[in-house]
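Me: Could you walk me through the interface between the two chains? I'd like the cut-offs spelled out as you go, please.

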2 protein chains.
Amino acid sequence: MNWEDNVRRVVPYVAGEQPKEQNVIKLNTNECPYPPAPGVAEVLHGFDCDILRKYPDPDVSLLVRALARRHGLTDRQVFVGVGSDDVLAMSFLTFFNSGKPILFPDITYSFYDVWAELYRIPYQCQPLDDSFRIRKEDYFRENGGIVIANPNAPTGVAVPLSELEEIVRTNLDSVVIIDEAYVDFGGESCVPLIEKYDNLLVVQTFSKSRSMAGMRIGYAMGNERMIGYLNDVKFSFNSYTMSAVSIAAGAASAADETYFRDTVAKVVATRERVRGELDKLGFICTDAKTNFLFVSHRTIPAREIFEALKAEKIYVRFWDKPRISNCLRISIGTDEEMDRVLAFLEAYTGGRKDETHL
Amino acid sequence: MNWEDNVRRVVPYVAGEQPKEQNVIKLNTNECPYPPAPGVAEVLHGFDCDILRKYPDPDVSLLVRALARRHGLTDRQVFVGVGSDDVLAMSFLTFFNSGKPILFPDITYSFYDVWAELYRIPYQCQPLDDSFRIRKEDYFRENGGIVIANPNAPTGVAVPLSELEEIVRTNLDSVVIIDEAYVDFGGESCVPLIEKYDNLLVVQTFSKSRSMAGMRIGYAMGNERMIGYLNDVKFSFNSYTMSAVSIAAGAASAADETYFRDTVAKVVATRERVRGELDKLGFICTDAKTNFLFVSHRTIPAREIFEALKAEKIYVRFWDKPRISNCLRISIGTDEEMDRVLAFLEAYTGGRKDETHL
């Protein structure tokens, strides 16, 4: 016997590389290429550090109120956590307790099965179709809960709101979590369905469209009872998860709708332009409604392109996993960064393209 | 059937009141009355907010290194989390998996039983003696782990290092967690035992002696294997729990040993002075080695004093719980704040004291 016999062993999630070298183009973790709203810098640079000696507001009121106002909800319909990973993990713990398997797609955000295993929640993956689309009928069976990323990651493919509504309506006895990390870049949000269905939880994040991955803010929206249960579990871990700085900076971001829309519009414009150019270079792209593209090349294996890009200090994401091992996920950077990527790919794919014409 | 049937129901911890009114003396959550080290304000006020668009360093290297250097450890012996509550909860989840009950005192930090229940870890409370001291023999029995706050909360009583070492040495098959939230104010730290015992985990916090409760930073120190297991569990929840701002500000605090010692010395001096004055007013105080005192009055019930103080906008902590329902926990504020408290208590207890002399 040894203390190590009783350690909980888990296989940790491996996130995209965070290269420490300089002068790289980092398109592997779906970060926004533009800075946060100017109000965020104002908050930090004028912060009264004396208040740090006190515990932060456990109700996170300032930030909850800013988000409720932004989404047309009441304060009691919003729950805030340390990034959407924290919010999602706590939602799994709170709502997926039935013993029946929870359902999610076979290709999706890689944390869902990790949390399920951590909390010993049974799960069943539902295969996407050959175009990486969800088949709604797969979610019309007995289950202990459902979680769907919309738009999905890493495919970028969005589910129409009407189909999600059918899934929510068909599963009134389960909690359905819609993970909208990327929704601002072109998906249809389920937030308007919250008033209609009390089994729906919608999760969003500040890490993508609000350029604040470094601040760690995510949030869930749902009916007041559901948010109450989440708060009960949160308060049983740690009453104070959100730092005073995150609360103030997050509220400043949430209040600046104009900057938010401009940032999203820039990313979307770049994405559409890059998709068009990649198409000309022999890439097939999904209809990604995200701040990334999910692509494969007609003739060149994804792994080769991945390695070639890496040699150029261009980091994108590649998974050696079934069904997607010939795909790359490329985050949308600035126009300048994407021009460098396109220039390289044009040179790199040029010869190969000719070969296929021989 | 309804989704609510499968919700995890918990009874959340109720933290000390965070009064929103102005002009109160807040001595109910053991916050430090002095601001954080000046380097913390420098970090915030000069922060390059453009980096917030990126995910923070998942290894929290800057802060881990500063803490390792401060404690004479290697980087791989330090784990950082969102306050010591986060670190402790994750440690319970990681290390207390045997099915045997974990042991902790009957009177101690109120989160231990909450986490045990949340994670369905069996536990057995060991009664403190009548002077609120741990009886080390209570921890020489079969168990699935041990957690001891040293100095203890809310009593302030410290366990001698030699007794803790006996407990650690007698339990090589269990993980022993020593929660040193208050150790800087006069306890003996177990950190030097880390090299000797690989079943020991020592947890500290920035919320008390470093005046950074609002920033949410806690950390654990132990042998490299133990810290590795904690990191595996952490990475299976959320790769990025520490914001870029917390990492930088925490490192600035950890590097300023002079400011840290001055702050602690001021709090300790005020504590000792206040203890002497309270004694003259008919209070009995434990030998608290913390930034709070734990007191009862010879003749006046604690609840009455609590209510009288509250009416004066002086907030202290009172629990209507067995064994401590005649005690108050009073955090140490500035000398000016404590003088106001003492002046009020002198007037308030004056009459009563005379009565007992009649």
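**Where chain A meets chain B**

Reply: Running the salt-bridge rule over the interface of chain A and chain B turns up 2 hits; the rule wants a side-chain nitrogen of Lys or Arg within 4 Å of a carboxyl oxygen of Asp or Glu. Bear in mind that this is a predicted model, where local features need pLDDT of at least 70 and side-chain atom pairs count only at pLDDT 80 or more, while totals for chains, interfaces and linings use all residues. As for bookkeeping, residues are numbered from 1 along each chain as its sequence is written, chains are lettered from A and ligands numbered from 1 in the order in which they are written, and side-chain values use heavy atoms, with hydrogens and water left out.

One salt bridge pairs the side chains of A:Glu4 and B:Arg225, at 2.8 Å from N to O. There are also 42 residue pairs in polar contact across the interface, both partners at pLDDT 80 or more. (That's a pair of N or O atoms within 3.5 Å; within protein, one must be able to donate a hydrogen and the other to accept it, and residues adjacent in sequence count only if both atoms are side-chain atoms.)

Which elements of chain A give two or more residues to this side? They are H1 (38-45), H3 (83-95), H4 (111-118), H6 (224-237) and H7 (244-255), with helices being DSSP runs of H or I, at least four residues, numbered from the N terminus. H6(A) gives the most, 8 residues. Sorted by class, the side of chain A that touches chain B holds 45 nonpolar, 22 polar and 20 charged residues. Here Ala, Val, Leu, Ile, Met, Phe, Trp, Tyr, Cys and Pro are nonpolar, Asp, Glu, Lys and Arg charged, and the others, Gly among them, polar.

In contact terms (heavy atoms within 4.5 Å), 87 residues of chain A face 85 of chain B. The two chains bury about 7000 Å² between them, 56% of it on carbon and sulfur atoms; buried area is the accessible area (1.4 Å probe) lost on putting the two parts together, summed over both. In chain A, the top losers of area to chain B are A:Trp3, A:Arg53 and A:Tyr55, together 13% of what that side buries.

Now the symmetry. Chain A lands on chain B with a rotation of 180° and 0.0 Å of shift along the axis, RMSD 0.0 Å, using least squares on the C-alpha atoms of residues with pLDDT of at least 70 in both copies. That makes the relation a two-fold axis. The same surface serves both copies, since 98% of chain A's contact residues recur in chain B. Among chain A's residues, A:His45 comes closest to the axis, its C-alpha at 2.0 Å.
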